Structure formats: structure tokens, C-alpha cells
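User: I'd like to understand why certain labels are used for this model. Could you walk me through them?

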Amino acid sequence: MKQGKLIVFSAPSGSGKTTIVQYLEKQADLNLGFSISATSRAKRGAEIDGKDYYFITADAFKKHIRQHDFVEYEEVYTDNFYGTLKSEVERIWALGKHVIFDIDVVGGLNIKKQFPENTLAIFVQPPSLEEMEKRLRGRNTDTEEKIKERVAKGEKEIQYAKDFDVILLNDVLDHAKEKAFNLVKDFISN
Ligand code: 5GP
């Protein structure tokens, strides 16, 4: 099967990366297909199974691990598994599209390690940890405990930024979207 390119967006949650990824996905001339991850976490708010994630049980997830079905996977939070199925990447390439990922920092770097030539790995940097926490609270979808857990994880994740191909500061969202568009456009044209 012909391999397309892989565009990885990673960042602490609350950095705005999902908004940027959704914007890029809508740009027809970039020809991107969103990699839907499998997860064992519970559905949040208006999320849709098979669109935002493949929501599966922890047991089903562990079975996929045993069968070596994942390109990468992680236990991101206790008992909350997230992973990219090999079949998902192949599905998108078969459509003749490039794959765009919205995954955590370690997962993103694992994709880059496996496809070093074909991957553009972008780290979305929130303007500050305070701003990140504010965005998480504004989202109103997580408990206080989860927010604290995500902020603590974010502090660690920012240390991986230097291992990415590009650090994209998400200060003004429209600027970040435009920069992201140009980065992806250049990468897929080469
Ligand atoms: P959330 O629960 O907020 O949707 O996601 C929690 C974290 O898991 C985020 O940092 C998200 O990017 C990450 N994540 C989502 N899908 C995957 C995946 O397939 N693999 C890995 N390693 N992380 C993922």
C-alpha cells in the first residue's frame, strides 16, 4: 500500500491543539484524514463513537495490545488507555490521504520514531500553564481532580517540546491556525 505522510499534533490538554487539528482537517487542499484513536476512557459531552474516538472497554483494549494491533498505545491516565490502531493509519492511506494525529506527547514521538522520514511532528505550546488551566476549567467537562492531573501532566510534557520538529505557540488562535496550515502545506508538497 502506498504510504502517505503523517502529521502529528501533540501538546498538553488545554493548549488548543484539537481546535487547530479540526481546522486543518476541513482544509480540502491539505487532503488530511483524522486518525481516530481507540480509548478505554468514558465518553465526554457530545463526543461520538467512531468520530472522536473508538470507545472500547479496557478488556477489548488489552486484547488489541496482545494481538499487536497498535502502532503505539499508552496508559495516559490510570486505567485510561489510548492508542493508534495500525488499521486506522492504513484506512486513511487507502483513501489516498495523509494522516493527521491529535495525540499525547509520548505517542507523537513514537509515531515519529516509527516513520522518521514521513512524519512532521508539531508541538503546540500553550502561552502559559496558567492559561492552560484556565482553558481546561472553561471547558467544563472535567472534575477538579482530573484538571489537576492534566495540569501536572502538562508541566512534564512541555519538557518534550524540544524533541519535536516544530514548536507552534498558540497565543492568538488565528495566527496559530495560519502557521499550522503553512507548515503542513510545505511538508506535504515535498
Ligand atoms: P482526552 O481524554 O482529553 O481526549 O485525551 C487525553 C490525552 O490522550 C490527550 O493528550 C490526547 O492527545 C491523548 N491521546 C489521544 N489519542 C491518543 C493516542 O492514540 N495515543 C496516545 N499516545 N495518546 C492519545
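**Reading the labels**

Analyst: Happily! Let's start with a charge and a ring: K5 lies over the face of F187, at 4.9 Å from the ring centre. Before we go on, this is a predicted model, in which local features need pLDDT of at least 70 and side-chain atom pairs count only at pLDDT 80 or more, while totals for chains, interfaces and linings use all residues. Residues are numbered from 1 along each chain as its sequence is written, and side-chain values use heavy atoms, with hydrogens and water left out.

User: Why is K5 said to lie over the face of F187?

Analyst: A charge sits over a ring if NZ of Lys or CZ of Arg is within 6 Å of the ring centre and within 35 degrees of the ring normal. K5 is 4.9 Å from the ring centre of F187, so the distance part of the rule (within 6 Å) is satisfied.

User: What makes D102 and K17 a salt bridge?

Analyst: The term needs a side-chain nitrogen of Lys or Arg within 4 Å of a carboxyl oxygen of Asp or Glu. For D102 and K17 the closest N and O atoms are 3.2 Å apart, so the pair qualifies. D102 belongs to strand 7 (residues 98-102) and K17 to helix 1 (residues 17-25), so the bridge ties together parts that are 85 residues apart in sequence. Helices (H or I, at least four residues) and strands (E, at least two) are DSSP runs, numbered from the N terminus. The structure holds 17 salt bridges.

User: How do you know whether D102 is buried or exposed?

Analyst: Buried means under 20% relative accessible area, exposed over 50%, and partly exposed in between, with a 1.4 Å probe and protein chains only. D102 has 16%, so D102 is buried. Its partner K17, at 10%, counts as buried too.

User: What joins D142 to R44?

Analyst: Their side chains meet in a salt bridge, at 3.7 Å from N to O. D142 sits in the loop between helix 5 (129-139) and helix 6 (144-157), and R44 in the loop between strand 3 (37-39) and strand 4 (53-55), so this bridge ties together parts 98 residues apart in sequence. D142 is buried, at 17% relative accessible area.

User: Where do R135 and E131 lie?

Analyst: Both are in helix 5, four residues apart, about one turn of the helix. Their closest N and O atoms are 3.2 Å apart, which makes a salt bridge. R135 counts as partly exposed at 24%, and E131 is partly exposed at 25%. Elsewhere, salt bridges that share partners join E133, R137, E144 and K148 into one network.

User: Why are F61 and F70 called stacked?

Analyst: Rings of Phe, Tyr and Trp (its six-membered ring) pair if their centres lie within 6.5 Å; planes under 30 degrees apart count as stacked, over 60 as edge-to-face and the rest as tilted. By this rule the count comes to eight aromatic pairs. F61 and F70 are 4.5 Å centre to centre with 20° between the planes, so they pair and are stacked. F61 counts as buried at 0% relative accessibility, as does F70 at 9%. Ring pairs also link F61, F70, Y73 and F81 into a cluster.

User: Which residues are closest to the ligand?

Analyst: The closest are S37, R41, Y53, E72 and Y82, out of 17 residues that surround the ligand. A residue counts as near if one of its heavy atoms lies within 4 Å.

User: What makes the approach of S37 to the ligand a polar contact?

Analyst: A polar contact is a pair of N or O atoms within 3.5 Å; within protein, one must be able to donate a hydrogen and the other to accept it, and residues adjacent in sequence count only if both atoms are side-chain atoms. An N or O atom in the side chain of S37 is 2.7 Å from an oxygen atom of the ligand, so this pair qualifies. A polar side-chain atom of Y53 lies 2.5 Å from a ligand oxygen atom, and one of E72 lies 2.7 Å from a ligand nitrogen atom. Taken alone the ligand exposes 500 Å², and the protein buries 96% of that, with accessible areas from the Shrake-Rupley method (1.4 Å probe; for residues, only the protein chains shown count as cover).

User: Why is H68 called exposed?

Analyst: Its relative accessible area is 60%, so H68 falls in the exposed class. H68 is found in the loop between helix 2 (58-66) and strand 5 (70-77), and has a positive phi of about 55° although it is not a glycine.
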